[in-house]
Each structure stands twice: as structure tokens, then as C-alpha cells.
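Subject: Structure for you to look at

Dear colleague,

Here is the structure I promised to pass on to you, together with the sequence. Please open it and keep it in view while you read the notes that follow.

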Amino acid sequence: MIFDSHVHTEFSTDSKLKLEEALKTAGDLGIGIISTDHIDLNYPEKDKFIFDIDEYFNKYYKYRSDKYFLGVEIGMTDEFSKENRNISEKYDFDYIIGSIHFVDGIDIFDKELYKDRDKKYVYERYFQNMIECIKTHEYINSLAHIDYICRYASYKNTEINYNEYSDLIDEVLRLIVSREIAFEINLRRLSNMAAVENLIPIYKRYKEIGGSLVTIGSDSHNSESIGLNLKAAFYIAEKCKLKPVYYKNRKPEYF
Ligand SMILES: [Zn+2]
Ligand SMILES: [Zn+2]
């Protein structure tokens with residue numbers, strides 16, 4: 001079964017989506033989903049982007065089936081690497097996504113990050129932060145949205161050109177391959193063909209380095225975007241000869 005493995009429900013600070021609604025939409029589409037609510041312990045505002053994990057399991061575990069699993073999206077940060085690890089060990093998540101949402105402590109969503117800093121510098125720091133954090137969060141199942149910064153950067157062209165950052169990207173890819181971490185194809189930007197074409201060399205390189213597993217996730221915060229752009233993700237996977245999987249009990253399952 002095809003899985004959308006990146007869905008934010010109301011346990012995420014930035015989502016109001018009810019799990020029941022998400023399950024209904026996924027059912028109509030004939031796909032499975034994994035809820036992956038946000039934990040970003042380094043978020044500067046108190047009590048935001050964290051949630052009560054016990055309540056999450058209490059509320060959602062009864063829905064767990066062969067079409068729905070319980071996951072989490074952990075914002076990777078060196079500052080809280082110990083706490084993040086404790087969360088990963090304490091709870092029976094089926095799936096853990098590791099994400100970079102901050103560069104040197106500044107939210108990638110925040111325009112401040114791009115003010116007076118050129119693209120090359122900020123993108124290099126983005127990948128360097130990613131490299132350091134994968135090393136301290138090696139238990140994650142999949143590395144999320146490598147193109148996350150392209151959504152919010154305030155440069156004329158926000159795409160990642162593989163050739164410009166090949167050394168750093170190769171290091172990211174070698175790390176995830178050696179730790180058996182899957183590589184997410186995030187659906188959010190895939191309605192844009194330029195985005196797809198810029199991502200293909202990165203996923204091809206992942207394959208060359210020895211990677212094979214990709215997860216597919218919409219990063220939905222509402223029901224309308226669940227499963228959106230799935231076709232483009234399969235196009236990337238096929239073109240790069242990668243195998244889509246989802247995770248159950250922290251283990252990959254083929255579609
Ligand atoms: Zn994210
Ligand atoms: Zn997300």
C-alpha cells in the first residue's frame with residue numbers, strides 16, 4: 001500500500017487537522033498515512049512545537065492499523081540531542097523523521113536568516129548543520145525534506161543546485177546511507193517541475209552512494225494536501241531507481 005508518511009495533525013502547533021479527518025481522506029484516496037507531529041525542543045517560544053506524547057498515544061493508538069501508524073517529526077538540534085534521543089527511546093513510535101528547521105539557531109522560516117547573508121553561505125551552513133545533527137540523531141528512520149530551505153529562503157532562486165553544494169550533500173548522503181536512514185521525498189514543492197528537476201541529481205547521487213530507500217511525505221497540515229503530488233514522487237523514485245517504503249515498528253516495509 002502507498003503511504004503518505006508525513007502528516008501533521010492537531011498535536012502540531014501549526015495544524016488543526018483531526019486524525020479522523022486525515023484517515024477519512026487517506027481512505028478515500030486508497031493510501032495509508034503516518035502521523036508525524038512536531039517536536040522542536042529548540043523552538044524559541046515556550047510550549048510551542050512540543051506536545052504531550054502520552055496523550056498522543058492515548059488518543060491515537062486505537063486507530064493504529066495496517067493503514068495508519070504513529071510517528072513523530074523531530075527537529076534535530078545539537079542543543080537538545082540528549083532529550084531527543086530520550087524521546088526516541090521512551091516511546092514506541094513506528095517512525096521517526098529527522099528534520100532541520102533551524103540554521104545556527106535561526107528558524108529557516110524567519111527572514112532574518114537571509115538578511116545580509118548570501119545564499120551560498122546560508123545554504124552551506126544549512127548542510128553543515130544537517131551533517132552535525134545526523135551524527136547525533138543517528139536513530140532517525142528518514143531524513144526529511146532536504147529542500148526545506150527552498151520553501152522560505154528569500155533569494156531570487158531558492159533551488160539547491162547539486163553541483164554547487166556537492167561536497168556537503170555527498171557528506172549528508174554518505175552519513176544516511178551508512179546509518180541506514182531512508183531519504184524522504186517531500187511532496188510539498190513537487191507541483192513545480194523546476195523543483196523536481198533540481199532534486200533529481202540529489203536523489204541520483206543518493207543511489208550512486210549506495211542508498212535505496214525513500215519515504216514519501218506530503219508534510220500536510222490540512223486534509224486537502226494529503227497525497228498531493230504523489231505522482232511526481234514516484235517519477236523521482238523511478239528515475240533514480242529508488243524503492244519507496246514506509247515504516248512500521250521502526251522497520252521499513254515496501255509499498
Ligand atoms: Zn519539517
Ligand atoms: Zn513536517
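Before we turn to single residues, one term is needed: a residue is called exposed if its relative accessible area is over 50%, and buried if this value is under 20%. Please also keep in mind that this is a predicted model.

With that cut-off in hand, K241 counts as exposed, because its relative accessible area is 62%. K241 sits in the loop that runs between α8 (230-239) and β10 (243-248), and on the surface it belongs to a patch of positive charge, where it gathers with K204, K207, K239 and K243.

From there we can follow β10 into the sheet. Strands of a sheet pair through backbone hydrogen bonds, and they can do so in parallel or antiparallel fashion. In this model β10 takes part in both kinds of pairing, since it runs parallel to strand β9 (residues 213-217), to which two bridges join it, and antiparallel to strand β11 (residues 251-254), to which it is joined by four bridges. On the parallel side, V214 stands opposite P244 of β10, while on the antiparallel side V245 has Y254 in β11 as its bridge partner. The hairpin of β10 and β11 has two residues between its strands, and N249 there takes a positive phi near 55°. The whole sheet is open and has nine strands, in the order β1-β2-β3-β4-β7-β8-β9-β10-β11, with mixed pairing. Its edges are β1 (3-7) and β11, each of which pairs on one side only.

The charged side chains are the other topic. A search of the whole structure finds 15 salt bridges, among them one between D219 and R151, with a distance of 2.6 Å from N to O. This pair ties together parts that are 68 residues apart in sequence, because D219 lies in the loop between β9 and α8, whereas R151 lies in helix α5 (residues 148-152). Both D219 and R151 are buried.

Another salt bridge joins E159 to R189, with their closest N and O atoms 2.5 Å apart. E159 counts as buried at 11% relative accessibility, and R189 is buried too, with a relative accessible area of 11%.

By contrast, the salt bridge between D47 and K46 (3.5 Å, N to O) involves exposed residues, as D47 has a relative accessible area of 55% and K46 stands at 70% relative accessibility.

Best wishes

Note on methods
Residues are numbered from 1 along each chain as its sequence is written. Chains are lettered from A and ligands numbered from 1 in the order in which they are written. This is a predicted model: local features need pLDDT of at least 70, side-chain atom pairs count only at pLDDT 80 or more; totals for chains, interfaces and linings use all residues. Side-chain values use heavy atoms; hydrogens and water are left out. Patches are made of residues with over 30% relative accessible area and no salt bridge: like charges are joined within 9 Å, nonpolar side chains (Val, Leu, Ile, Met, Phe, Trp, Tyr) within 5 Å. Accessible areas come from the Shrake-Rupley method with a 1.4 Å probe; for residues, only the protein chains shown count as cover. A salt bridge is a side-chain nitrogen of Lys or Arg within 4 Å of a carboxyl oxygen of Asp or Glu. Lys and Arg count as positive and Asp and Glu as negative; His and the chain ends are not counted. The place of a charge is taken as NZ of Lys, CZ of Arg, CG of Asp or CD of Glu. Buried means under 20% relative accessible area, exposed over 50%, partly exposed in between (1.4 Å probe, protein chains only). Two strands pair if DSSP finds at least two bridges between them.
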